[in-house]
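Please open the structure in your viewer, colour it by secondary structure, and keep a selection tool at hand. The stops below run from the whole chain down to single residues.

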Amino acid sequence: MKKKAVAILLLFIVTFSLTSCSKNSKDFKSIKDAQTALLNAQSAKIVATSVQSTSDGTSEKYTLEATYMVASDGLIKYCATQTDSGGKVVSVEYNDGNVFDRWIIGMGWKSVDPISEDFVTFSRKKPFPLLEIMTQPIDEKEIDKISRASTDSITSYSLSLNIQKQKDDMKADGFQEAEFTQLLESSKNILVDANKIMCGSTDTVKVKDTESGSETTSVITTSVSEVNNIKEVVKPQMPN
């Protein structure tokens, strides 16, 4: 139960720090423009890797790879594959706007009924979750410090996030930290390519179990490739 609560807290912090617009900083505008450019892309592949490790030496790793393209009707067609730390595929999700199918290891493919509340379609106005998280603008009020470094092809923006402001905003949004956890560290890095398109990010969050004293660190890293170069998204063949 504790492990699940900590995981929920870590995910909430990563997504909650991306909730409202920044307005005044040149760097914030550059980041916002890069996120918008990614959202406006015709197609791309996004790979997200989540590594959760504890101070007692245990760790878990999952990778999610999503390939997508915007179809002629404006809907997003995508396929997302999740693998575990050993590289084994554990789940697949395929959605082309007309068909929404899910595959889970040991269970095979299941179709979501088009009249079910679980059936959803995605577009640039309503992107699928991974793309949505990457392209939501950052709340400037939660930033303590921002550093920028550039090479010929990549600009890196490193953001130190205000711990107390994140806690206050989470509480204002109705989310309470689990009573046995304490938020210790939160930071974000955003990568922008030479075409001024967001091409990656890293979110790092550390929390402490106040009962046992153990610490859990979650690092979620994303990379974007094949922007505007995906010509087709197909449903993969998977075992039943």
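Before selecting anything, consider the contacts across the chain: among those with a separation of 6 or more, 55% join residues that are 24 or more positions apart. The model is a predicted one, and its chain holds four helices and eleven strands. Buried residues account for 41% of the 240 residues, while the accessible surface amounts to about 12900 Å², with 50% of that belonging to carbon and sulfur atoms.

Select α2 next, residues 26–39. This helix of 14 residues reaches 20 Å from its first C-alpha to its last, close to the 20 Å expected at 1.5 Å a residue. Show the side chains of Asp 27, Phe 28, Ile 31, Ala 34, Gln 35 and Leu 38, which are the buried positions of α2. If you look down the axis of α2, these buried residues fall within an arc of 125°, so they line one face of the helix. Turn to the other side of α2, and there you will find Lys 26 and Lys 29 exposed.

From α2, move on to the largest nonpolar core, a set of 31 residues in which Leu 38, Tyr 68, Ile 76, Tyr 78, Phe 128 and Leu 159 touch the most other members. The elements that each give two or more residues to this core are α2, α3 (129–135), β1 (43–54), β2 (59–70), β3 (76–83), β8 (154–161) and β9 (181–193). Of these, α2 supplies the largest share, with four residues.

Centre the view on Tyr 78 and display its surroundings. Which residues does Tyr 78 touch, not counting those up to four places away in sequence? They are Thr 67, Tyr 68, Glu 93, Tyr 94, Asn 95, Phe 100, Phe 122, Phe 128 and Val 233. Then select Met 69, Cys 79, Trp 103 and Ile 230, which are included in a second, separate core of seven residues.

For the last stop, select Ser 43, which lies in strand β1. Is Ser 43 buried or exposed? Ser 43 has a relative accessible area of 1%, which means that it is buried. Leaving aside neighbours within four places in sequence, Ser 43 is in contact with Tyr 68 and Met 69, and also with Glu 226, Val 227, Asn 228, Asn 229 and Ile 230. With Ile 230 still displayed, check the distance from its backbone nitrogen to a polar atom of the Ser 43 side chain, which is 3.0 Å in this model.

Technical notes: Residues are numbered from 1 along each chain as its sequence is written. This is a predicted model: local features need pLDDT of at least 70, side-chain atom pairs count only at pLDDT 80 or more; totals for chains, interfaces and linings use all residues. Side-chain values use heavy atoms; hydrogens and water are left out. A nonpolar core is a set of buried Ala, Val, Leu, Ile, Met, Phe, Trp, Tyr and Cys residues joined through side-chain atoms within 4.5 Å. Buried means under 20% relative accessible area, exposed over 50%, partly exposed in between (1.4 Å probe, protein chains only). Contact means heavy atoms within 4.5 Å. A polar contact is a pair of N or O atoms within 3.5 Å; within protein, one must be able to donate a hydrogen and the other to accept it, and residues adjacent in sequence count only if both atoms are side-chain atoms. Accessible areas come from the Shrake-Rupley method with a 1.4 Å probe; for residues, only the protein chains shown count as cover. The expected span of a helix is 1.5 Å times one less than its number of residues. The arc is that of the directions from the helix axis to the C-beta atoms.
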